[in-house]
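Work through these exercises with the model open beside you. Try each task before you read its solution.

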Amino acid sequence: MTHAIIQVLEHVVDLANDVYAFDVGPISEFQFTKYQDDEAGGYDWHKDGHVVPERNPSYMQRKLSIVLCLNDYGVNYKGGELLIKTENKGEVGEYKLSSGDVVLFPSFYEHKVNPLKEGTRYSIVSWVKGPKWR
C-alpha cells in the first residue's frame, strides 16, 4: 500500500513540476495527520515554505505541499475543509476532500484546515524540496 501511495504522489509531483517549472527533487518526507472533532482539530493559517539561510547554500527548502485524503468528507467527518489562499487577489479555495483526493500547491501559499465538526479526518501530507529559489 505504501509503495502505491508513493508512486501516485511521485506522478502528481512530476505533473506539477511540468506546470510550475519548480526545480524539485523526489518526495522526501511524509506526515500522517489525524483531526478529531472532540479535539476541535484544525490547523490555523500558515505557509510550509521556509526562508533559506544564506549561510547554508546546500539547504533544500519546501517548494510543493501535498495533501492526500484517506477518508470521505460528509461520511467519515464534517468540517475539516482545506482552505488555500491563491495569488489571485486573496481568493480562498475551499476543498472538501474524500478518500483518494490529492491537492498539490506551492508551499508558499497560505493555507489552513478548518476545525472538525464531527468524526475523524485522516490524511497524509508531504513536501517536495528543491534548492534555493532563483
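**Exercise 1. Lys47 and its surroundings**

Task: decide whether Lys47 is buried or exposed, or in between, then place Lys47 in the chain.

Solution.
Step 1. Lys47 has a relative accessible area of 48%, so it is partly exposed. The classes are: buried under 20% relative accessible area, exposed over 50%, partly exposed in between (1.4 Å probe, protein chains only).
Step 2. Lys47 sits in the loop between strand 2 (43-46) and strand 3. Helices (H or I, at least four residues) and strands (E, at least two) are DSSP runs, numbered from the N terminus.
Step 3. Leaving aside neighbours within four places in sequence, Lys47 is in contact with Ser107, Phe108, Tyr109, Glu110 and His111. Contact means heavy atoms within 4.5 Å.
Step 4. Lys47 and Arg62 are 15 residues apart in sequence, and their C-alpha atoms are 9.9 Å apart in space.

**Exercise 2. What kind of model is this?**

Task: find where confidence is lowest and where it is highest in the chain.

Solution.
Step 1. This is a predicted model, in which local features need pLDDT of at least 70, side-chain atom pairs count only at pLDDT 80 or more, and totals for chains, interfaces and linings use all residues. Residues are numbered from 1 along each chain as its sequence is written, and side-chain values use heavy atoms, with hydrogens and water left out.
Step 2. pLDDT is the predictor's confidence in each residue, from 0 to 100. The chain has a mean pLDDT of 84, and 90% of its residues reach 70 or more.
Step 3. Confidence is lowest in helix 1 (residues 2-20), with a mean of 77. Confidence is highest in strand 5 (residues 82-85), at 95.
Step 4. Keep one rule in mind: where pLDDT is low, the predicted coordinates should not be read in detail.

**Exercise 3. Salt bridges**

Task: state how many salt bridges the structure holds, and trace them.

Solution.
Step 1. There are three salt bridges in the structure. Each one needs a side-chain nitrogen of Lys or Arg within 4 Å of a carboxyl oxygen of Asp or Glu. Side chains of opposite charge can pair when their charged atoms come close.
Step 2. Glu29 and Arg62 form a salt bridge, 3.6 Å from N to O. Glu29 is in strand 1 (residues 27-36) and Arg62 in strand 3 (residues 61-69), so this pair links distant parts of the chain, 33 residues apart.
Step 3. Glu29 also meets Lys129 in a salt bridge, at 3.2 Å, N to O. Lys129 lies in strand 9 (residues 116-130), so the pair ties together parts that are 100 residues apart in sequence.
Step 4. Check the exposure. Glu29 is partly exposed at 23% relative accessibility, Lys129 is partly exposed at 26%, and Arg62 is buried at 18%.
Step 5. Lys85 and Glu110 form a salt bridge, 3.6 Å from N to O. Lys85 lies in strand 5 and Glu110 in the loop between strand 7 (102-106) and strand 8 (111-113), so the pair ties together parts that are 25 residues apart in sequence.
Step 6. Glu29, Arg62 and Lys129 are joined into one network by salt bridges that share partners.

**Exercise 4. Aromatic rings**

Task: classify the ring pair of Phe32 and Tyr122.

Solution.
Step 1. The structure holds three aromatic pairs. Rings of Phe, Tyr and Trp (its six-membered ring) pair if their centres lie within 6.5 Å; planes under 30 degrees apart count as stacked, over 60 as edge-to-face and the rest as tilted.
Step 2. Phe32 and Tyr122 are stacked, at 5.8 Å centre to centre and 25° between the planes.
Step 3. Phe32 lies in strand 1 and Tyr122 in strand 9, so the pair ties together parts that are 90 residues apart in sequence.
Step 4. Phe32 is exposed, at 52%, whereas Tyr122 is partly exposed, at 28%.

**Exercise 5. Ser126**

Task: say where Ser126 is found, and which residues it is in contact with.

Solution.
Step 1. Ser126 belongs to strand 9. Its relative accessible area is 1%, so Ser126 is buried.
Step 2. Leaving aside neighbours within four places in sequence, the contacts of Ser126 are Ile27, Glu29, Phe30, Leu64, Ser65 and Ile66.
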